[in-house]
Amino acid sequence: MIPELGEFALILALGFSFILAVIPLYGAATLNTLWMDYAKPLARAQFTFLLISFICLGYAFANDDFSVQYVANHSNSQLPIEFKLSAIWGGHEGSLLLWAFILSGWTLAVSLFSRGLPLDMLARVLGVMGIIATGFISFLLWTSSPFLRYLPRFPADGADLNPLLQDFGLIVHPPMLYMGYVGFSVAFAFAIAALLSGRLDAAWARWSRPWTNVAWAFLGAGITLGSWWAYYELGWGGWWFWDPVENASLMPWLVGTALIHSLAVTEKRGVFKSWTLLLAIFAFSLSLLGTFLVRSGVLTSVHAFASDPERGFFILVLLLLTIGGSLTLYAFKAPNVKSESSFGWLSREMLLLINNVFLVVMAITVLLGTLYPLLIDALGSGKISVGPPYFNALFVPIMSLLALSMGISGAARWRQTSVAGLKKQLFVPAIISLVVGIIFPFIYGDGFNFRVFLGITVSTWVIATTAKEFKDKFRNANSITAKLSQLTPSYYGMMLAHVGVAVVAIGITLVSTYSEERDMRMAPGDKIELADYQFEFKGAKKVKGANFTADEGTIEVTLEGEPVVTLYPQKRHYTVKRSMMTEASIDAGLFRDLYLAMGEPLGDDGAWAIRVHYKPYVRWLWLGGLFMALGGILTVFDKRYRKKSTGEVAHA
Amino acid sequence: MPRLLLFIPLALFISLSFFLWKGLSIDPRELPSALIDKPFPEFQVAALLQSERILSKADFIGKPVLVNVWATWCPSCRQEHEQLLRIAQDNKINIIGLNYKDERAAATNWLQQLGNPYAFNIYDEAGMLGLDLGVYGAPETYLLDAQGVVRHRHVGVVTAQTWVELQDMIQKLGVNQ
């Protein structure tokens with residue numbers, strides 16, 4: 001009964017989103033206030049029914065209703081409750097339901113926090129989001145309903161969730177990522193609404209900025225979590241694989257990064273309007289493209305679970321309608337008038353545009369690398385695959401250039417800046433970063449290393465220029481505390497995010513250069529040494545978990561005779577899926593991780609193959625990612641968004 | 001800016017969707033192999049674990065075998081490894097590894113750590129044998145009959161389901177001969 005209720009709620013949600021897609025937009029076109037007023041209640045109704053549908057699926061999982069196919073395929077009665085619930089998004093159908101649910105959540109949020117928005121704008125934004133929701137809920141209902149039953153005969157127990165997914169990572173990573181993906185639909189809807197209304201003033205940039213920043217922050221946090229999850233769960237210490245699905249999340253993030261900067265310029269200076277609109281459309285289009293790539297099975301990937309050409313075709317039609325439609329609208333209605341304010345060749349506007357271009361070039365590079373096998377195949381020229389060497393070869397130089405120009409644009413002024421002024425601003429940071437970059441590999445490593453030099457120099461450069469810019473704010477301030485509270489949260493957010501970039505760059509540089517690993521056959525009592533640490537294997541014993549049995553090794557780690565930690569890596573055997581999993585044991589630290597994984601048992605004397613990793617600065621990758629995400633969130637706390645919006649009502 | 005320029009993104013998108021549409025009609029896992037029902041290419045390549053041993057086609061003629069193309073840089077290969085170990089345990093057919101464009105040390109480590117399902121491994125460092133065979137990426141698995149003729153090609157991860165299908169084919173090979 002409950003699953004049917006869920007399906008029925010989904011059908012009602014489709015009805016509401018369809019009305020939301022039609023009535024308010026038509027009202028806005030004909031200036032019919034009554035029709036426009038329908039936008040808000042419709043957004044609420046759509047959210048309510050998706051919520052009901054989502055709860056129904058959760059109920060089916062929590063109560064082990066294995067007559068529901070999706071539950072039977074992704075859960076098991078032995079599964080701990082938190083994994084039963086997160087198994088909702090452990091497969092294709094449920095993740096799409098989560099997608100649609102989050103979309104309705106964003107739609108609701110726009111309808112709630114939009115008091116300053118003119119009615120026609122709000123009606124258009126919600127209407128555009130209604131169109132997207134209509135597409136996705138139809139997709140769910142027609143090709144991927146999670147509520148289908150196995151009747152009359154259904155399995156006594158479920159097939160269990162993929163053991164790789166039975167982890168805290170599954171609980172948080174997909175919702176975060178989807179919050180980001182889907183969040184870009186708000187920026188997209190604002191851009192389309194602006195194009196439809198023809199009012200492309202700075203106001204729409206101001207309205208969409210906080211939404212875009214939050215979506216960007218969620219996406220960044222989601223990617224960071226995914227990388228962290230892969231690192232500890234896959235059991236071999238990798239943190240980024242250039243897998244098509246990872247790329248699918250990285251592309252909208254890169255374009256989203258360009259978008260939040262371009263929006264800032266459009267709001268502050270009234271320039272780059274067409275470019276900003278295009279980025280808003282691209283960011284969301286890439287999110288949709290990501291969904292297509294993951295769900296259609298056109299590319300092979302470690303992430304691809306259920307793939308099906310029929311679904312792919314449906315998403316492709318959705319893509320054509322939304323992206324094709326919005327780009328057509330863009331082509332006809334984007335402003336081609338010259339911007340009202342001008343700027344010189346050397347100005348903050350220009351430098352931000354250059355940064356934007358770097359980010360977009362990077363996104364295109366990733367897109368090409370991801371789609372190239374498909375393009376070649378479609379052209380009938382054979383099958384090829386593109387590996388990490390391609391991405392690394394292009395990523396490192398482009399990101400280094402980006403970091404360089406990041407530092408310069410912070411120091412540049414709007415409109416026009418002088419070379420002499422820039423030199424004065426940047427001389428000290430340049431010297432500091434070069435010196436640190438040259439010295440670091442000698443102190444930390446055992447000699448000069450170009451990659452380390454490059455990575456450390458550009459990271460120090462970003463930090464030093466950010467610090468200098470921050471310090472200069474106080475040049476004319478009477479009191480430091482007064483000035484500190486005078487700076488806006490969005491300014492602190494920007495600083496934090498920029499430092500985050502540097503922190504990530506340091507992490508990538510050091511972990512990819514100075515990592516050490518050993519694979520050893522270790523019998524109880526054997527010791528090995530790695531990066532000054534001694535590891536002593538004490539033996540392995542059997543342990544039992546909720547739905548698995550495991551061999552658990554005990555390894556004592558000492559540093560110069562002093563005990564550091566005892567680690568317990570496991571080799572798990574999941575009984576239902578009959579699959580083996582390596583559960584790494586990690587001693588995490590700010591400057592290094594010790595990472596132990598069990599291989600295979602070797603011989604009768606209790607010996608095991610043990611893999612020992614020493615990973616310097618690996619935490620910095622995720623720390624930097626979190627800094628960026630927090631920075632994005634901070635910007636929303638600007639008072640001006642609230643103040644301006646009430647001001648707007650006053651003179652509207 | 002001339003209006004026409006604003007149509008560029010649309011034009012690019014439309015051409016991209018054409019490729020996506022074409023992509024849908026191609027199943028990346030089911031590749032027609034130019035070598036189906038043709039003999040496995042001749043080769044003389046060193047073994048992975050014993051670098052002094054030179055392998056050739058003669059090493060696997062006489063019984064049907066699976067040739068599994070793998071590499072340590074390939075995440076999906078790690079995913080299918082458990083299944084390969086299980087197939088090896090079933091003892092119905094020998095699996096021959098074709099270690100493709102890889103490093104010897106990394107590949108040796110891999111086998112030590114994850115277990116070795118292979119009867120032996122061909123160390124195709126430059127990917128030349130892979131090229132002759134028409135490999136487009138790892139993992140790929142070929143079913144060869146007792147005469148060394150390629151009978152089936154599977155692209156992507158070998159799952160329990162794939163193994164069921166392969167067993168059917170192996171059985172048929174046995175009946176025909």
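**Sheet pairing in chain B, and the layout of chain A**

In chain B, strand 3 and strand 6 pair in the antiparallel sense over five bridges. Within this pairing, Leu66(B) sits opposite Leu143(B) of strand 6. Everything here comes from a predicted model, so the values are computed from that model. Strand 3 of chain B, residues 65–70, also pairs with strand 4 of chain B, this time in parallel and through six bridges. On that side, Val65(B) has Asn94(B) of strand 4 as its bridge partner. Strand 6 of chain B in turn pairs with strand 7 of chain B (residues 150–155), antiparallel and over five bridges. Here Leu144(B) faces Val150(B) in strand 7. The hairpin of strand 6 and strand 7 of chain B has five residues between the strands, and Gly148(B) takes a positive phi near 80 degrees there.

How well covered are these strands? For strand 6 of chain B (residues 140–144), five of the five residues are buried, so the strand is largely enclosed by the rest of the structure. In a regular strand, side chains alternate between the two faces of the sheet. Strand 6 of chain B is covered on both faces: Glu140(B), Tyr142(B) and Leu144(B) are buried on one side, and Thr141(B) and Leu143(B) are buried on the other. Strand 4 of chain B is mostly covered too, with five of its seven residues buried.

Just past strand 4 (94–100) of chain B comes a loop leading to helix 3 (104–114), and Asp102(B) is found in it. Is this loop residue buried or exposed? Asp102(B) has 24 other C-beta atoms within 10 Å, and because the cut-off for burial is 20 or more, Asp102(B) counts as buried. Leaving out residues up to four places away in sequence, Asp102(B) touches Ala71(B), Thr72(B), Trp73(B) and Ala107(B). Ile36(B), on the other hand, is 66 residues away along the chain from Asp102(B), and their C-alpha atoms are separated by 26 Å.

Helix 2 of chain B covers residues 75–90. At 1.5 Å a residue, its 16 residues should span 22 Å, and the end C-alpha atoms are 24 Å apart, which agrees. Even so, helix 2 of chain B has a kink of about 40 degrees, centred on His81(B). His81(B) is also one of the buried residues of this helix, along with Pro75(B), Cys77(B), Arg78(B), Glu80(B), Leu84(B) and Ile87(B). An α-helix has 3.6 residues a turn, so residues three or four places apart point the same way. After helix 2 of chain B comes Asn91(B), with a positive phi near 60 degrees.

Taken as a whole, chain B has five helices and seven strands, running α-β-β-β-α-β-α-β-α-β-β-α from the N terminus on. Of the 177 residues in chain B, 42% are buried. Among contacts in chain B between residues at least 6 apart in sequence, 76% join residues at least 24 apart.

Turning to chain A, the domain assignment gives domain 1 (1–161), domain 2 (200–417) and domain 3 (516–619). The C-alpha centres of domain 1 and domain 3 of chain A are 43 Å apart, and six residues of domain 1 are in contact with five residues of domain 3. By class, the domain 1 side of this contact has three nonpolar, two polar and one charged residues.

Helix 8 of chain A runs over residues 168–197. Its 30 residues should span 44 Å at 1.5 Å a residue, and with the end C-alpha atoms 45 Å apart, the two values agree. Of those 30 residues, 24 are buried, so helix 8 of chain A is largely enclosed by the rest of the structure. Gly198(A), just after helix 8, takes a positive phi of about 75 degrees. On the other side, Asp167(A) is found in the loop between helix 7 (119–143) and helix 8 of chain A. Asp167(A) counts as partly exposed, with 18 C-beta neighbours inside 10 Å. Setting aside neighbours within four places in sequence, Asp167(A) is in contact with Trp229(A) and Glu233(A).

Elsewhere in chain A, strand 2 (residues 527–530) and strand 3 (residues 533–544) run antiparallel and are joined by four bridges. Leu530(A) stands opposite Tyr533(A) of strand 3. This hairpin has two residues between the strands, and Ala531(A) takes a positive phi near 45 degrees.

Conventions. Residues are numbered from 1 along each chain as its sequence is written. Chains are lettered from A and ligands numbered from 1 in the order in which they are written. This is a predicted model: local features need pLDDT of at least 70, side-chain atom pairs count only at pLDDT 80 or more; totals for chains, interfaces and linings use all residues. A residue is buried if 20 or more other C-beta atoms lie within 10 Å of its own, exposed if 12 or fewer, and partly exposed in between; C-beta atoms are placed from the backbone. Two residues are in contact if their C-beta atoms, placed from the backbone, lie within 7 Å. Domain bounds come from an automatic or database domain assignment. Ala, Val, Leu, Ile, Met, Phe, Trp, Tyr, Cys and Pro count as nonpolar, Asp, Glu, Lys and Arg as charged, and the others, Gly among them, as polar. Two strands pair if DSSP finds at least two bridges between them. The expected span of a helix is 1.5 Å times one less than its number of residues. The bend at a residue is the angle between axes fitted to the seven residues ending there and the seven starting there.
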